[in-house]
Amino acid sequence: MIERYFLIIDVETTKRNTVADFGAVLVDLQTGEILDQLGVFLYDEYITNADLFYIKNVPSEHFWSKRNAKLRRIQAHDMVQKGQRWIGATSKINEWLALQVAAYDPVFTAFNWAFDREKCRRSGIQIDLGRHGAHWCLYQSSKKAFLDDPDYLKFCLEKGFLTKGRKAQCTANSVAQYLIGSLPDEPHTSLEDARDYEVPIALELRKRGAI
């Protein structure tokens, strides 16, 4: 049976490997319609000012630098003030997930499903309420669909989306920009990443018969 409803999840994390920013988009892969979406800063991490994830000893201008983690924290406060995020308890996220399961019984997925699932589990988010599996991981499906696509390989070479070994990257950012040429770099905010980058990837994978 071809699954119609997918719940695409994205998380941004803290230095202690818990979820700071949770985003989810319910999409009908048959019509392309977004049926519901959620973007939440987790209460415990937001109130305690937990350090957002960063990589030690990278240049300060690097996105994942400690300096930029502090700037991203300021951005988070700004998003709350502008009404682009609300602050919620894990229990509220779980209630929302349960409603989606009751209404649509969607497949739960993410671009890197193993990573997002593990972080959600650590944070008490009931990621296992829905059906899921490695065969629905958008990253794994994208590797099969795009890394043998000559046009995608040419695009990555032209744009510099290359690994250290000079092979084509297969990231949500590179694949989504290939599909939608006008996209800027992924902002690494959960709802926006899921809705604006991973939903188009899922829709293309469905067109190609990959999910």
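**From a turn residue to the strands, cores and spaces**

Asp-105 is partly exposed, with a relative accessible area of 40%, where buried means under 20%, exposed means over 50% and partly exposed lies in between, for a 1.4 Å probe and protein chains only. The model is a predicted one, in which local features need pLDDT of at least 70 and side-chain atom pairs count only at pLDDT 80 or more, while totals for chains, interfaces and linings use all residues. Residues are numbered from 1 along each chain as its sequence is written, and side-chain values use heavy atoms, with hydrogens and water left out.

Asp-105 has a positive phi of about 45° although it is not a glycine, and its place is in the loop between α3 (90-104) and β5 (107-109); helices (H or I, at least four residues) and strands (E, at least two) are DSSP runs, numbered from the N terminus. His-188 is another residue other than glycine with a positive phi, in this case near 60°, and it lies in the loop between α7 and α8. With a relative accessible area of 22%, His-188 is partly exposed.

The strands can be followed from β1 (5-13). Because eight of the nine residues of β1 are buried, this strand is largely enclosed by the rest of the structure. β1 runs antiparallel to β2 (19-28), and nine bridges join the two strands, pairing being assigned if DSSP finds at least two bridges between them. Within this pair Glu-12 stands opposite Asp-21 in β2, and in the hairpin that links the strands, with five residues between them, Asn-17 takes a positive phi near 70°. β1 also pairs with β5, here in the parallel sense and over three bridges, with Ile-8 standing opposite Thr-109 in β5.

From β2 the path continues to β3 (34-42), and these two strands pair in the antiparallel sense over seven bridges, with Val-27 opposite Ile-34 in β3. The hairpin of β2 and β3 has five residues between the strands, and in this hairpin Gly-32 takes a positive phi near 85°. β3 in turn pairs in the parallel sense with β4 (residues 86-88) over three bridges, one of the bridge partners being Trp-86 in β4, which is matched with Val-40.

Which residues have the most contacts inside the largest nonpolar core? They are Phe-6, Ile-8, Leu-138, Ile-201, Leu-205 and Ile-211, in a core of 29 residues, where a nonpolar core is a set of buried Ala, Val, Leu, Ile, Met, Phe, Trp, Tyr and Cys residues joined through side-chain atoms within 4.5 Å. At least two residues of this core come from each of β1, β2, α5 (138-146), α6 (150-159), α7 (172-179) and α8 (190-207), and α8 supplies the largest share, seven residues. Leaving aside neighbours within four places in sequence, Ile-201 is in contact (heavy atoms within 4.5 Å) with Phe-111, Ser-142, Ala-172, Val-175, Ala-176 and Leu-179. A second, separate core has 20 residues, including Ile-93, Phe-108, Ala-110 and Cys-137.

Two kinds of empty space remain to be described. On a 1 Å grid over the protein atoms alone, a cavity is a set of points where a 1.4 Å probe fits but cannot get out, and a pocket is an open set with protein on both sides within 12 Å along at least five of seven lines, while lining residues have an atom within 4 Å of a point. Grid points are joined across faces, edges and corners, and a volume is the space filled by probe spheres set on the points.

The largest pocket has a volume of about 870 Å³, and of the 29 residues that line this pocket, Trp-64, Thr-171, Ala-172, Glu-186 and His-188 are the closest to its centre. β1, α4 (113-122), α7 and α8 each give two or more residues to the lining, and β1 gives the most, with five residues.

The count of cavities of 30 Å³ or more comes to one, and about 180 Å³ of space lies in the largest cavity. Of the 16 residues in the lining of this cavity, Asp-21, Phe-41, Leu-52, Arg-72 and Ala-76 lie nearest its centre. β2, β3, α1 (43-47) and α2 (66-81) are the elements that give two or more residues to this lining, and the largest share, five residues, comes from α2. Asp-21 thus returns here, as the β2 residue opposite Glu-12 and as one of the residues nearest the centre of the largest cavity.
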